[in-house]
Amino acid sequence: MMDVDLDDIRRIRQKDADGYARLLNRHRSGVFHLALRLTADHHLAEEVAQDAFVKAFNSLKDFRGESRFSTWLYRITWTTALSCLRREKRSRAHVHYQDQEGWEMAAEDPDALAQMLSRDRGKQLEKAMLQLSESERLALSLFYLKEHSLAEIAEITEESAGTVKVRIFRARKRLAEIIKKQWPEEWEMNQIKA
């Protein structure tokens, strides 16, 4: 089965303008939501997403297909967001999770954190996630929301897969501690059901 992104990239390289529109439509939402998680600012996220697409399309000739196109594009989004945040002189990015539909963990994951995340607890989750570092939020978002592999996240963040794995483990542990401390009744209820 042919990868539709690679097919569109091939067509773009052959000067087929429709390929740009298809790639943009396919990845617009993911790029914007990643930018929003990193910047915590709707306007800034739109700017980052637009800049990331411009950079990606200008550099499309450099895409070698060694990773998925989305991984390459998210890496560009990540670096664009960091540059934008530096320009804005923000010391720390925040995350807004307005759409919780993607936070559905695998049904066979019995731990209380997964149970809590799989329920629609948007406000509590948002508050808890804001207490994590930017790199922890990104790792959790890419792993659970976007379902990227450890290797793909490592490529996006330019870290080793081992570092990413440890970051996700520690971030989940910290998130669980935050939730347990701030919402003990909810935590206990989930512990009993787990």
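In this predicted model, helix H1 opens with a side-chain oxygen of Asp 3 that comes to within 2.7 Å of the backbone nitrogen of Asp 5. The helix itself covers residues 4-13, and its buried residues are Asp 5, Asp 7, Asp 8, Ile 9 and Ile 12. These pack against two other helices, H2 (18-39) and H4 (69-87). Just past the helix comes Lys 15, with a positive phi near 70 degrees.

Charged pairs are the next thing to look at. Side chains of opposite charge can pair when their charged atoms come close, and the structure has 11 salt bridges. One of them stays inside H1: Asp 7 pairs with Arg 11, with 3.1 Å between the closest N and O atoms. The two sit 4 residues apart, or about one turn of the helix. Asp 7 is buried, at 14% relative accessible area, while Arg 11 is partly exposed at 32%.

Another salt bridge joins Arg 26 to Asp 8, and here the closest N and O atoms are 2.6 Å apart. Arg 26 belongs to H2 and Asp 8 to H1, so this pair ties together parts 18 residues apart in sequence. Asp 8 is buried, with just 3% relative accessibility, whereas Arg 26 is partly exposed at 34%.

A third example is the salt bridge between Glu 158 and Arg 75, at 2.8 Å from N to O. It links distant parts of the chain, 83 residues apart: Glu 158 lies in the loop between helices H8 (150-157) and H9 (161-182), and Arg 75 lies in H4. Glu 158 is exposed at 62%, but Arg 75 is buried at 15%. Elsewhere, salt bridges with shared partners connect Asp 5, Asp 8, Asp 16, Arg 22 and Arg 26 in one network.

Definitions and conventions:
Residues numbered from 1 in each chain as written. Predicted model: local features only at pLDDT ≥ 70, side-chain atom pairs only at ≥ 80, totals over all residues. Heavy atoms only, no water. Buried < 20%, exposed > 50% of the residue type's maximum accessible area, 1.4 Å probe, protein only. Contact = heavy atoms within 4.5 Å. Polar contact = N/O pair within 3.5 Å; in protein donor to acceptor, adjacent residues only side chain to side chain. Salt bridge = Lys/Arg side-chain N within 4 Å of Asp/Glu carboxyl O.
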